[in-house]
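Please look at the sequence and the 3D structure below, and keep both in view while reading this report on salt bridges and helix packing.

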Amino acid sequence: MTTPLSTDGACFGRVAVVTGAGRGLGAEYARRLARAGAAVVVNDLGVGLDGEADGTTPADEVVAEIRAAGGQAVASGHDVSSWKEAEQLVELAVDTFGDLDILVNNAGVLRDRTITRMTEAEWDSVIRVHLKGTFATTHHAANHWRERHAKHPERVGRLINTTSVSGLFGNVGQANYSAAKAGIAAMTIVASLELGRYGVTANCVSPGAATRMTATLGGDPDDPTRSPGFPAAVVEWLASRHSDGVTGRVFLTSGKRLSVAEGWEHGTPARPSEDLTELDATLRDLLATARPNADMRG
Ligand SMILES: NC(=O)c1ccc[n+]([C@@H]2O[C@H](COP(=O)([O-])OP(=O)(O)OC[C@H]3O[C@@H](n4cnc5c(N)ncnc54)[C@H](O)[C@@H]3O)[C@@H](O)[C@H]2O)c1
């Protein structure tokens, strides 16, 4: 089923790349950005949840859907975890639509295992797709934005990354995924500090929705509060002119909850000491009053 294009046009004239947009949340982001007037590069390597090739070309289907609704889209089968292919993905946007304004890093895989059982390959594949895959596209897009800013300082850029409650708060069985997602949240802060001078904002979404990635967690996939539409609305807002000046923030977004995450804090300061007895007393005092870490339930 296709939805008519919005006349709101919050992203009219903007060019977007959405990675991992062949299914799940990314597909919804791509549809939504296209409805808001953006020309969209729908990127998806077409892999199983574990990152293994499964012979599918889901990006083509999303592109066909967007075009049938009157939008502009092109498919990309690039692997975002490849430095070269990430560069080619950025080039595809510029060659096809003349520019790149919005980069949504969303592609992801899962290889859950407890720390004692996790293999090197399971660690590497999740870190590669999420962490390197986010940095590689960001690096090439940032170079495009730096060069563009010199000629067109009026143009703005949007970097929208994807973290997770697993990365923000930690989750059993996901050392690889939590580490990658926490790294992405930290990397987004760095990007907000470095790219502002090129007119680029950098933010993160921590989404929640019924997709194949959450299928094993149980719950009704048709529960309307688990619709990818809720995170997609936040992504559209971040991609649009409505979010001008908003940068370096993490948005927790699902149909059940919407909030702006508040990150690590310094905590109450105490006098440092090299004396173990004194240090023991000081640390016990600090621990007695320090707030516990937030957890996945908020
Ligand atoms: N669904 C949730 O509730 C939830 C919660 C927290 C975070 N997330 C994050 O949201 C993002 C989207 O998740 P989803 O639930 O839609 O998952 P999904 O499995 O439905 O979609 C992920 C897509 O990424 C693609 N992909 C994987 N590796 C790729 C690569 N190297 N290059 C290009 N494409 C690649 C896959 O083919 C797939 O279509 C992920 O980063 C995930 O970690 C999702």
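The side chains of E52 and R111 meet in a salt bridge, with 2.9 Å from N to O; the term stands for a side-chain nitrogen of Lys or Arg within 4 Å of a carboxyl oxygen of Asp or Glu. This is a predicted model, in which local features need pLDDT of at least 70 and side-chain atom pairs count only at pLDDT 80 or more, while totals for chains, interfaces and linings use all residues. Residues are numbered from 1 along each chain as its sequence is written, and side-chain values use heavy atoms, with hydrogens and water left out.

The pair E52 and R111 links distant parts of the chain, 59 residues apart, since E52 sits in the loop between β2 (39–43) and α2, and R111 in the loop between β4 (102–104) and α4 (120–151). Helices (H or I, at least four residues) and strands (E, at least two) are DSSP runs, numbered from the N terminus. E52 is partly exposed, with a relative accessible area of 45%, whereas R111 counts as buried at 17%; here buried means under 20% relative accessible area, exposed over 50%, and partly exposed in between, with a 1.4 Å probe and protein chains only.

A search of the whole structure finds 16 salt bridges, including the three in this table.

| Salt bridge | N to O distance |
|---|---|
| E52 and R111 | 2.9 Å |
| R158 and D244 | 2.7 Å |
| R271 and E278 | 2.7 Å |

R158, in strand β5 (residues 157–162), and D244, in the loop between α7 (229–239) and β7 (250–253), are 86 residues apart, and their pair also links distant parts of the chain. R158 counts as buried, at 2% relative accessibility. In the pair of R271 and E278, R271 is exposed, with a relative accessible area of 62%, and E278 is partly exposed at 31%. Elsewhere, salt bridges that share partners join D99, D101, R148 and R155 into one network.

How do two of the helices pack? Helix α1 (residues 24–35) and helix α2 (residues 58–68) pack at an angle of about 25 degrees, with their axes 10 Å apart; axes are lines fitted to C-alpha atoms, for helices over the stretch in contact, and angles run from 0 to 180 degrees between N-to-C directions. The contact, meaning heavy atoms within 4.5 Å, is made by A27, A30, R31 and A34 of α1 and by V62, E65 and I66 of α2.
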